[in-house]
Every structure is written in C-alpha cells, then in structure tokens.
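Me: I am new to this structure and would like to be led through it with questions, each one reasoned out before the value or name is given.

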Amino acid sequence: MTITLRLAFLLVLVAGISLLIGDGFVGPANALIVTQIRLPRTLLAVLIGGSLGLAGAVLQGALRNPLADPGLLGITPAASLGAMIAFYWGLASRFAPALPLGGLVGAGIGLSCLLGIGGRQLSGPSLILAGVALSALSGALMALGLTLAPNPFALAEITFWLLGGLEDRALSHVALAAPPILLGVALLLRLGPGLDALTLGEDTAASLGQPPARTLRRAAIGCALAAGASAAVAGGIGFVGLVVPHLLRPWLGQRPSALLLPSLLTGAILLTAADMLVRVAPLVLPVSAAPPLGVLTALLGAPFLVRIARRMTA
Amino acid sequence: MTALDRFSLRLGGRPVLHEVSLRPEPGAMLALCGPNGAGKTSILRALAGLVPGAQVPEPRRVAYLAQNAQANWALTVEQIVTLGRIPHGDTASGPIDNALVRCGIEALRNARIDRISGGEARRAMLARVFATEPEMFLLDEPTADLDPAASHAILRLLRATAEAGAAVVVVLHAIELAAEYAHRVVLVDQGRIVADRSASGVLEEAAALFGMRAGSGPRLLPLP
C-alpha cells in the first residue's frame, strides 16, 4: 500500500507540474490557457497513461505472457481505422468530435470481431490469434486508406494523427473519452482474483471458481473500452502498456493482482511526464517542432525492453 | 458432493470415458490406478467439472490439483498457497499457515517458486489445495517429482486427511503405494472402471492389468 500511496503522490505532483508547462514556454499562464489548453492535455495524459498501464498489466496476467500489451488485441488499429474513415468522409472537418467518435465506433466494432472470432469458449491462444487477425485486417485497411488519400494534405494530417499525441485536445475530448475509459478501468480493476487464479493455468483457475473464459472476456472488454477510447482521442501510443508492469515487478513481485493499481498510477505518471518532455523538447533540443508523443514513448520504451530482455536471459 | 453417474466423454471424436460411475465417500482415500491413457485424469477432471457435460462443483467444497501444475509467474510459496483462498474471497492466515505446516514447507514461505526444487514446488501446489479447506480433494499425481521419503509423507498426510472426514481422490501411478495407503483402489482401463475394491487384494489384479506379476522384479539377463 505504501508504494501505491507514493505513486499516487507522485502522480499529483507530476500533473501539477504539467499545468505549469506550455508549448515551448514554462511557467504559470493566463487562467484561460491553463483551463482550456493545459488542463485537458494533462487530464488526457493521466487518463490515457493510466488506462494503458492498467490494460498492459491485466493482459499480461490474463494471457500469462510478459509480452502482451493493449496493441496485441488489435483494438488500437481498429480505433485508428475508425478515426481515419471519419476523417476521410469529411465528417471531421464539419463536426470536430467526429474523429474521436469514429475511433470509438472502430474500437467497438473491433471488440465485437475479437469476441466473435475468439468464440464462446475464449482461451488465451484464441484471444491472441483473434487479436493478431484483427490487427492485420485493420492495418491492411488503413494502408489501403492511406494509398487512397484524397489529397497530400489529408495524407499528412492522418499520418500525423496516427503517430499519437495530445496537443490541441480540448475539454470536449476529455468528456468524450473519460466515460468509456473510467468504465473500462473499473472493469479491469476488479479482475484481480481471476488473474491470480490464472497464474496456475486454466484448469486450476476454473476449479477455483474463476472460469478462464469469463476472465479473458472481461479483460478484452475492459481493455477495448480503456485502450480503444484512448486511441480514439490520442492515436496510437505504444509501449506504455508493455513496459509499465515490467518496471514494477522487481519492486512488487509478480502476483498479477498486486500490479493493477500501481500499473495504472505508473502509466499515468509516465505518460504525463513524456508529454511534458514533448512540450519542452523544442526549448532544449535542436528541433523545430515537438516530436509526436507516440514517437517519444516508443523511443524511450525500446531501450527499457532491451534491458528487460537482458535481465530475463541473465 | 460431486459424483459421476454413468458418465461418458468423447474428446475430439475419440471416446475417453465409457459409462463411468464413481462416488467418492467422505472419510476414505480413493486411488485411481491404471495404465497410461486409461482415463484416470479424465475421471478426475470430470469430478472437478472441467470437461464438457460434467457438473461443476462448488469451488469452496471441492479442490483440484492438476497434473504438472506450474506457476506462470514467479510467485512466492505463500502467494501460491494464498491462491487456495480465492473461492472464499479472503486471505485468512489460519488455513494458509496450517497448509504450509502440514505440507512441510513453512520454512520456504517467502521463497520464490522458481528458485526451489521441483519436489518443494509440488508440495507448495498441494498446500494451495489444503488452504481451501475443501470437503473433497481431487489430486492428479500428487507425489510426482517427490523422492520416496517425501512421497510416503504426503500419502500419510492424505490418508490422515481422509480419516479426519474429507473425501480424497488421488491418481497414482505407483500401484504399491496405492495399495499401501488408499482405503479403496479403483482400476481404470480403456475408459472403463474394471475393478473397485478395498486396497487389500487389489495388487494381483492391478499387476495383471499392468502386464506383470506381483512380486516379480525385472529379470536380469546373464552377461555373456
């Protein structure tokens, strides 16, 4: 509990600092700038980072695979595809929330496909295979969409959106993303006993009164809500879900239920901090524009993965 | 209490169990013996409600130990044993401590499961079943990975548990251990129960089933 409390304290601290940092400008600002620009950005970083961290911890536990993360289920590409379709139909230019709404619809369709392909007796391998199939299908359709882009500006804009980021998001984005994210988070946080029981295999989990198909289905639904809504407003932000549980295991041990709340808090801290880096990057680095957040998390996440891999083989 | 009544099972089109009836009684230790592929594990899984068509028992009353049960994450021994409390929704220390002591692994409480021997890990898995405090124990090869002394200790413990009022069902390969410790031995062959009797006198019958004569060790060929 002390680690959880410390992480919560750190999150409050980081979120507070985030309100003091603007695009290429550090310090307190006009109240309007804080509430309309910095606040939505900080809230989204906390919500999205938290949901990705938690979704990663749940999926690694549910699939009993240290390489699992929300991207594995194919929900993120499905949400991106939905957003892209909304963008291409010109809906996004006439009605701003159409882009994230398209993402939410895409994530919802992706989830139904996932559960449909996985079947009634959902097992770990069947869920992974369904996720890979969904990823491949969404990826192919997205590539097709990119080649059919109506004009170069649309291509540039959608590509930039796919890289993932939190700039220029408004409180309306928070209002759109928060309900599904919070619902998904509530569902995922209750999976502790089911995930712990799965530690000893699917038969033992069933004999402990935690049917594996039920745990997997709830994990998939919760991750689709949390990670799908995240992708719908922020595009593809990778590596947070994969890396966060690995960061925590040396301190907290490997029991899946013990990692849930700390992974949520750590994901929120990391993404908020990464988004602050994005904003100050033009001040300290010789770059003309801020790097996309999704690019930064991948750049920072990859070396962590290498370290984890080396520790595993040692 | 869970029981099988003329239960048949086909898996992937292949008949696995054929009209098996089995009612484990409280206060008795029942051993399921038979050659490889006879259907012993399938009978145990049917009792545990883990095969299609089987009745699912109340998890607080019936605990199941799978063959080759392994932990996917490196939990500590105490965390493994605590998993046995999931059906009760608590982490009561009384049953957990008791299970650790009875299985002789209280000294390993904080050791990681991937850093102890196979036999110690097996005892941790067994302690998880004890922590549930069930009325029926369904154990698939609980003495696999154990040295002879530890095997005898565990089987003595299981017999004592049965005599204290629980129903204990074990799948055992070692027929002589079954004859020594079980109150009742059920011989299984080709998906059928071929014999079901008290342990005394079952040895010859079992030996015939395994294709050997009781008391005859492997004959040594004379060296040239």
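**Helix packing in chain A**

Me: With which handedness does α5(A) pass α11(A)?
Reply: This is a predicted model, and in it α5(A), residues 98–118, packs on α11(A), residues 212–234, with the axes 8 Å apart. Where α5(A) passes α11(A), the crossing is right-handed.

Me: How are α5(A) and α11(A) directed relative to each other?
Reply: The two helices of chain A pack at an angle of about 155°. Angles over 145 degrees count as roughly antiparallel, and therefore α5(A) and α11(A) are described as roughly antiparallel.

Me: How many nonpolar residues does the contact of α5(A) with α11(A) have?
Reply: On the side of α5(A) the contact is made by residues including A:Gly103, A:Leu104, A:Ala107 and A:Leu111, while α11(A) brings, among them, A:Arg217, A:Ala220, A:Ile221 and A:Ala224. Sorted by class, the contact has one charged residue, three polar ones and, as the number asked for, 13 nonpolar.

Me: How do α3(A) and α11(A) lie to each other?
Reply: Helix α3(A), residues 75–88, packs on α11(A) with the axes 8 Å apart and at an angle of about 45°, and their crossing is right-handed. Because an angle of this kind falls outside the parallel, antiparallel and perpendicular ranges, the relation of α3(A) to α11(A) is oblique.

Me: How many charged residues are in the contact of α3(A) with α11(A)?
Reply: Among the residues that meet here are A:Thr76, A:Ala79 and A:Ala83 in α3(A) and A:Cys223, A:Ala227 and A:Gly228 in α11(A). The residues of this contact divide into eight nonpolar and three polar, and the number of charged ones is no more than the word "no" allows: no charged.

Me: How is α2(A) directed relative to α8(A)?
Reply: Helix α2(A), residues 31–62, and helix α8(A), residues 171–189, pack with their axes 10 Å apart at an angle of about 25°. Angles under 35 degrees count as roughly parallel, so α2(A) is, relative to α8(A), roughly parallel.

Me: Which handedness has the crossing of α2(A) and α8(A)?
Reply: In this contact A:Leu43, A:Leu47 and A:Leu54 are among the residues of α2(A), and they are part of a group that meets residues of α8(A) including A:Val174, A:Ala178 and A:Ile181. By class the contact has 14 nonpolar, four polar and no charged residues. The crossing of α2(A) and α8(A) is left-handed.

Me: What radius of gyration does chain A have?
Reply: Chain A has 14 helices and two strands, and its C-alpha trace spans about 60 × 45 × 35 Å along the principal axes. A compact globule with 314 residues would have a radius of gyration near 20 Å, and the value for chain A, which agrees, is 19 Å.

**The sheet of chain B**

Me: Which strands stand at the edges of the six-stranded sheet in chain B?
Reply: The sheet is open, has mixed pairing, and follows the order β4-β5-β6-β3-β7-β8. Two of these strands have a single partner each, so one side of each is left without a neighbour in the sheet; in chain B they are β4 (62–65) and β8 (192–198).

Me: In β8(B), which residue is the bridge partner of B:Leu187?
Reply: B:Leu187 belongs to β7(B), where it is also the bridge partner of B:Cys33, in a parallel pairing of β3(B) and β7(B) over four bridges. On the side of β8(B) the pairing with β7(B) is antiparallel over six bridges, and there the partner of B:Leu187 is B:Ala195.

Me: At about what angle does helix α5 of chain B run to β6(B)?
Reply: This helix, residues 148–163, lies across β3, β5 and β6 of chain B. Its direction, taken against that of β6(B), makes an angle of about 150°.

**Where the chains meet**

Me: How many nonpolar residues are on the side of chain B that touches chain A?
Reply: In the contact between the chains, 16 residues of chain B meet 17 residues of chain A. The residues on the side of chain B include two polar and no charged ones, and the nonpolar ones number 14.

Definitions and conventions: Residues numbered from 1 in each chain as written. Chains lettered and ligands numbered in written order. Predicted model: local features only at pLDDT ≥ 70, side-chain atom pairs only at ≥ 80, totals over all residues. Pairing = 2+ DSSP bridges. Contact = placed C-beta atoms within 7 Å. Axes fitted to C-alpha atoms, helices over the stretch in contact; angles between N-to-C directions. Nonpolar A, V, L, I, M, F, W, Y, C, P; charged D, E, K, R; others polar. Parallel < 35°, antiparallel > 145°, perpendicular 65-115°, else oblique. Left-handed = near helix turned anticlockwise from the far one by under 90°. Rg over C-alpha atoms; globule rule 2.2 N^0.38 Å.
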